[in-house]
Structure formats: structure tokens, C-alpha cells
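Reader: I've just opened this one up and I'm new to it. Could you walk me through it and tell me how each label is earned?

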Amino acid sequence: MALTVGLSPAAVIGVQHSVDAFAASQPLVPARCFAQVGVDHVVFGPDSFFLPNIVQGPTSFKENAGPTIVTYPLYRGTSQGRNVFYVITDASDRSVATALGVNYTPKLAQAAGTPAVQNSTSEVGGGHGIDFPASVDFSPQRMVIPSVAGFPPVAVQSGAVGEPGYSPLVQVEFRGRTVVLDAPQIANATGKADKIVSIAADHRTVSYAETDGCYDNESVHYASFDASDFGAAAIEGVTYAPDLGAAPSLGCADAAVVAANCSRESLIAFTNGQTGVTNPERQGLNAAILDGIPPLNILKEIPEQTSQFDYSPLWDIHLETWTNAAVSAGLNVRQTDFSAAAEQVTSGLATGFRAGAQFGPSGFIVNCPVVSLDVNPGG
């Protein structure tokens, strides 16, 4: 299957950390942005846009002590007469988000009417599951063969492939309200998602592996479910959902004034950061492939009062590549803030991907709803 946006396999290529004083006092650790020291751990939910970021609101998301695993309510639905299982992470309507205990994400409504949203006639909220027009094939065996540099890989195979028309976004009626839900399907008769840790015996909950990232010099934790690019889906270990790429619109969250129809938020992923499972400066897709632990991507916004209502789980990926000179000088150090990471391009130390390309949106989306944040109280 052809890859289209620069994640294709190779065969198919004087900076300091910019952190506030409090963050600088926290040690960097290899598998997450910062050590979980002196922070308030807050799980996101329907009220996160309206509460101070150190206040825990209601939520249906539950985490282990790591946190490395999130437990979601598990729902049973159908697709063309077949049983499917899914979770719900975000809703475009606040009252629906509150009823479900999920992230309130009004940006999702901007994707309605595009191929990025499945249209269902389901009326949910009264104990009835969603009837999805399309589902997922979980039978493929995921494969990522690294190149010498790690990224881009030599060959890839996504472990889950959406049927034609599949997207994790679905429009339904919920107790009389039309709403767009982020409801990724994670299991059916063909198998289950690679990131599932366990499903409860009564099939009422599912435990799912989290991914660690960076936001505003803090550690953020999210769950990865889908990608619109085949290579990205393989690297992330998620479902390939090409229709998700129709969500409006490329680069829409980059401007100082976000486009009115924007359903995305921006994310920076480095392609050639430092590597090594014990290296506290490690970061990037190359490091994720070679080390087997998260790439520590950098999110532009999350659900919080100071960024109403910028957050979306639909991350508009911006690949960033350190220059050879920066790498040779050891200046490709971990970045933990979106603006600071983008500044490396302005300063001439980084470009887009491939090396020398213009920095900007790389043409694909990953669906990664946020779960929690380690808040620096003094940040």
C-alpha cells in the first residue's frame, strides 16, 4: 500500500532547553518528558476547558499509578450486522460530554459532513450502541523494520486497517442532540487493537496503553487510536484510517487566528532526535522505532481555560528534522514546548522532513485523545 506524505519507507529519508524555572528543576527521563516530581496529576474530562488546570473534574477515564495505562468504559455496537467494540473519548456537545464523562471538544463538529465522519442513524444514550457504517480489520500483523537511522523505516505494515468509509469519528443522535463523537473501534471478530492491555471479563471496560508526550514544558499522557497515513499507523501501532485525513483542514491551527472550520490541532514530531533507552535527551520517531518507547511528540494545545477551544484529538502532524550541523554539534536536545520547538526552525537548526524541506503540516492526522497532564503548580 503506497504511503503518501513522507513517512514512506526508505526503500520506497548555541541551543538550550527553553523551559520555565520550575520545569527546569524537574529531571528529564527517557520515556516521558519529565519525572513525575512535584506535580499535580490531573485527568481531563468534560469540564477541562472551564476549570483551573490543577482542579480535577468529573471523568470516565481511569489510570494506573504510572500512568502508563488508561481504562475506558467499553461499548458494544454493530457494523453491517457484525458486533464491534468501541470506546468514546471526546464529544462535540458539552451536555453529551458531561453525560459520558469524556473530553468536550467542540472542534469535532467542524468535521461533520466530510468523509472524516461516519454518519449513523443510531440514537444512543438509552443503552443502545452505535451502528457504524464501516468497521476495522484487526487481522494484519503489525511490522516496522527500522532503517539504520530508525526513521524512516525500511518497511511497514499496519496492524489494523479500516474498511472503506471507516473513521473513528461518527455523528449520532444522543438523547435528542446531534453530536460528533470520537468513538474508535478497538475490537471485533477479526481481532483487537495492538494497544489493548486487557478487556474485563464482563466486557464493560478496556485497559489501553498510553503514550507520553510534551506540552508547555509538562508531561502529557494520551491514547493513540488511528492515523490517516499507513506508515504512521504502523509506527504508532494504531488503525489505518485514510478517511480521517478529510477532517478540515491542513494547517488550520497554525495561524494566529485559527480558521473557523478548523477541526485539528497542531503537533510537532521530530524525526532525528537523540536515541537510547537510558538517554534523558532522547526524542523523535527514530527514537521511538529504535528504542521501543514513546517519541515524546509536542502538543500545541490541550483542554484548558487558557486555550478555549483550541484542543482537538485530531493532531495535524508537523514533522521536524534537525540539520546535520545541529546533530553533529549535539544540539538536537529534547524539546518540550511547541513554540520553542518551532523556534529551532527559525534559528536554522531544524527544517521540515525530509532534511531541507519547508517546515509545516506534513499532510496526515493521528487521532490521539488526551487523558491527563502532570501540571507544574508553579509553572
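**Pockets, disulfides and a sheet**

Author: Happy to. The largest pocket has a volume of about 540 Å³, a volume being the space filled by probe spheres set on grid points joined across faces, edges and corners. A quick word on where this comes from: the model is predicted, with local features needing pLDDT of at least 70 and side-chain atom pairs pLDDT 80 or more, while totals for chains, interfaces and linings use all residues. Residues are numbered from 1 along each chain as its sequence is written, and side-chain values use heavy atoms, leaving out hydrogens and water.

Reader: What makes a residue part of the lining of the largest pocket?

Author: On a 1 Å grid over the protein atoms alone, a pocket is an open set of points with protein on both sides within 12 Å along at least five of seven lines, and a lining residue has an atom within 4 Å of a point. For the largest pocket, 23 residues meet that, with Lys195, Thr211, Gly292, Ile293 and Pro294 nearest the centre. Strand S19 (211-215), helix H3 (230-236) and helix H4 (285-291) each give two or more residues; helices (H or I, at least four residues) and strands (E, at least two) are DSSP runs numbered from the N terminus. H4 gives the most, with 3 residues.

Reader: How do the residues of that lining divide into nonpolar, polar and charged?

Author: There are 11 nonpolar, 5 polar and 7 charged. Ala, Val, Leu, Ile, Met, Phe, Trp, Tyr, Cys and Pro count as nonpolar, Asp, Glu, Lys and Arg as charged, and the others, Gly among them, as polar. The second largest pocket, with a volume of about 220 Å³, is lined by 16 residues, and Tyr75, Tyr86, Gly127, His128 and Gly129 are the closest to its centre. Its lining has 9 nonpolar, 5 polar and 2 charged residues.

Reader: Why is the link of Cys33 and Cys214 called a disulfide?

Author: The rule asks for a pair of cysteine sulfur atoms within 2.5 Å. Those of Cys33 and Cys214 are 1.7 Å apart, so the pair passes. With 110 degrees about the S-S bond, the link is right-handed. Cys33 sits in the loop between helix H1 (21-24) and strand S1 (40-43), and Cys214 in S19, 181 residues apart.

Reader: Why do Cys33 and Cys214 count as buried?

Author: Buried means under 20% relative accessible area (exposed is over 50%, partly exposed in between, with a 1.4 Å probe and protein chains only). Cys33 has 0% and Cys214 has 0%, so both fit the label.

Reader: Which other cysteines form a disulfide?

Author: Cys252 and Cys262 do, with sulfur atoms 2.0 Å apart. This link is right-handed too, with 60 degrees about the S-S bond. By the rule the count comes to 2 disulfides.

Reader: Why is Cys368 left without a bond?

Author: Its closest cysteine sulfur, in Cys214, is 14 Å away, so a bond is ruled out. Cys368 is buried, with a relative accessible area of 3%.

Reader: And what makes S17 and S18 a pair?

Author: Two strands pair if DSSP finds at least two bridges between them. S17 and strand S18 (residues 205-209) have 3 bridges, in the antiparallel sense, so they qualify. Ile196 stands opposite Tyr208 in S18. The 4 strands of this open sheet run in the order S2-S3-S18-S17. Strand S2 (62-63) and strand S17 (196-199) stand at the edges, because each has a single partner strand.

Methods
On a 1 Å grid over the protein atoms alone, a cavity is a set of points where a 1.4 Å probe fits but cannot get out, and a pocket is an open set with protein on both sides within 12 Å along at least five of seven lines; lining residues have an atom within 4 Å of a point.
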